[in-house]
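Reader: I am new to this structure and would like a close look at one part of it, namely the pairing of oppositely charged side chains. Please take me through it carefully.

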Amino acid sequence: MDVLGVAAVVLDARGRIVLWSPQAEQIFGWTAEEALGREAAGMMVAEEHLDIVLSLFEKVMTGGEAWAGVFPIRHKDGSTRPVEFRNVRLQDERGDFFALGLATDETTLRDLERDVALTVGLVSHSPIGLAVLDGDLNYVLVNPVMEEITGVPAAEHLGRPVRDVVPMLDTDAIEADMRQVLTSGEPLLDRIRSGRTAADPDVDHTWSVSYYRLDDPSGRVIGVAISVVDISDQFRAASEAAEARRRLAVIANASVRIGTTLDLERTARELADVVVTDLADVAAVDVLDSVLREDDPAVPSHGPARFRALAVASSYHMEAVGAADPAGEIASYAAHRLVTQATRTRRPILVARVLPGDLRRIARDPESAAAWEEAGLHSYLIVPLIARGQVLGVLDLARTRNPNPFTEDDAVLAGELAARAAVCIDNARWYQRQRHAAVALQRHLLPQRPPQLAGLEVAYRYQPAGTAQEAGGDWFDTIRLAGGKTALVVGDVMGHGINAAATMGQLRTVTRTLARLDLDPSEILHHLDEATHELEEIIATCVYAVYDPHRAQCRISLAGHPPPVLAHAHRPPVLLDLPAGVPLGVGGVPFTTTTVDLEPGDRLVLYTDGLVESRGHHLEERLRALLDLLTQPRIPLQDTCDRLLSALPPPDHPDDIALLIAEAC
């Protein structure tokens, strides 16, 4: 009524104005003082309309008929304007009759009618769910789309709160939003809500919900309006796109983190660590034991299969990790176990919802099954590791804290990760086999026990590289010569693996043969240099020394090798300042022999560069560290070897080490 500006005018039985509202002054222009007591017809109606208005007035006053319609009224300023009237007869306690006229500007009324019709049409036919709730948050209006969203007829909404209509949604959050809007007056737009309603109780939907406060023209809060748009398809598409991006990120991350080395166990740990971060709460990597023992292993077609656990990882601390096979352990799994079935079928096995009966096919024994059940294992996925057409083992994935079950998409992602990791594991497997062969060859070609030498006590060590435990071409030797003399040799063939080990064996054999000729050390190195040219571009360094106990002298020659250390019995150790020479295989440069006197108790320390070289440290710094260790209180030769090898090389030293210490007696 405030919008309409309804005016109230009361006439007595003779048509005189007896009541005049402030709105009447706004519509007609006359003040109450000017209007009261005057005949309404004469003041407000043009001459040509008098007969009509008097006839209508008589019908209302005598017959009690109400009249409504538009009538042209004369304004105080002389203009005529259409006014919408509602006229009824009134009767007071004395029985006197009066005429009540309710009037508003006809243009204003038509505008309001049009707005109302438009609003009703929009609400009824809008593709958006619309509802209005009062100040107590009870429904007072819903449109047909809202009925479809909630699955509840419009009549059953009215007078009820949200929690009664859509109990499966988070109604506390919805009502909190509406109260916030009622209090602040600020709209809340595009609030994402997900859940289920009676319209589709078995499927989750997602809606964009907006809230607006409704105020009347006077500013009084009358309720809150809600608009709801079902965005399930868009949300699902966006979620699928985000999931696709996440999976690509996981694969990219795995490409960087898996296979950083050729170490089999480390590669398995890298795979387990990647999947527990992005896919599972617990992950385990198991390989067929035959894969590690045979060149061409085959999965047994029936009966149990033997697996070796390589890695176990979890995203949080949990007792159930102990239910997985410990790394390094070998276990025999029966044919009904899922791990065995996955290797034989070469296909992933997905148990989206783990039931008590499934645990017997997952866990290794009843105790482990109980531990998994207590940890809340509810979803399980196992993927075979296949590389170059051969099944190597399996990747086990378990979810305990993550509430979502594994899906087929998860199985595809796990399969992609497993395929990439399997190649790395297979590479590491073959590398490990070659490495073991090279180490075995290397150790076989080196001296097995210290010989009895005249005037010398010796100790030696060979240590493969720490990063991959890879054998190289380092070697040492002690050779008894005529006249009680002894040749001490330490060399380093560039390269690693079987080829380097085999070349080392050849050079060692040539060296031992040449040593029997009792040549000067420089001549020995000259002949070795010539021999390397027949070994297809081999480069090697070498220190060759001959100790004569009768003269208490040692004659030494270097071929590009680190200088020996002379650790005196009663003086600080020193690096021998010898001509460095060039590596064997370079050719064209003569070698030089230097004579060094040895007193009883003096020690000569020969070594390869793996002992003193280290990333991030200058060679001079590492050589000083070697001298410092030899300055410490003297201990037996074997213990001295252990001290140097434990203190100098870093844990991941990239090169193998040969160490030979000889003490003059």
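Author: In this predicted model, a good place to begin is Asp426, which counts as buried because its relative accessibility is 2%, under the 20% that sets the limit for that word. Asp426 forms a salt bridge with Arg388, and the closest N and O atoms of the two are 2.5 Å apart. This pair links distant parts of the chain, since Asp426 belongs to helix α16 (residues 408-445) while Arg388 sits in the loop between β15 (379-387) and β16 (390-399), 38 residues apart. Arg388, for its part, counts as exposed at 59% relative accessibility, so the bridge joins a buried side chain to an exposed one.

Another pair lies within a single helix: Arg266 forms a salt bridge with Glu270, with 3.5 Å between the closest N and O atoms, and both residues are in helix α11 (residues 264-278), four residues apart, or about one turn of the helix. Here Arg266 is partly exposed, with a relative accessible area of 39%, whereas Glu270 counts as buried at 10% relative accessibility.

A further salt bridge brings together the side chains of Arg86 and Glu84, at 2.7 Å from N to O. Arg86 is partly exposed, its relative accessible area being 39%, and Glu84, at 8% relative accessibility, counts as buried.

These pairs are among the 28 salt bridges that a search of the whole structure finds.

Key: Residues are numbered from 1 along each chain as its sequence is written. This is a predicted model: local features need pLDDT of at least 70, side-chain atom pairs count only at pLDDT 80 or more; totals for chains, interfaces and linings use all residues. Side-chain values use heavy atoms; hydrogens and water are left out. A salt bridge is a side-chain nitrogen of Lys or Arg within 4 Å of a carboxyl oxygen of Asp or Glu. Buried means under 20% relative accessible area, exposed over 50%, partly exposed in between (1.4 Å probe, protein chains only). Helices (H or I, at least four residues) and strands (E, at least two) are DSSP runs, numbered from the N terminus.
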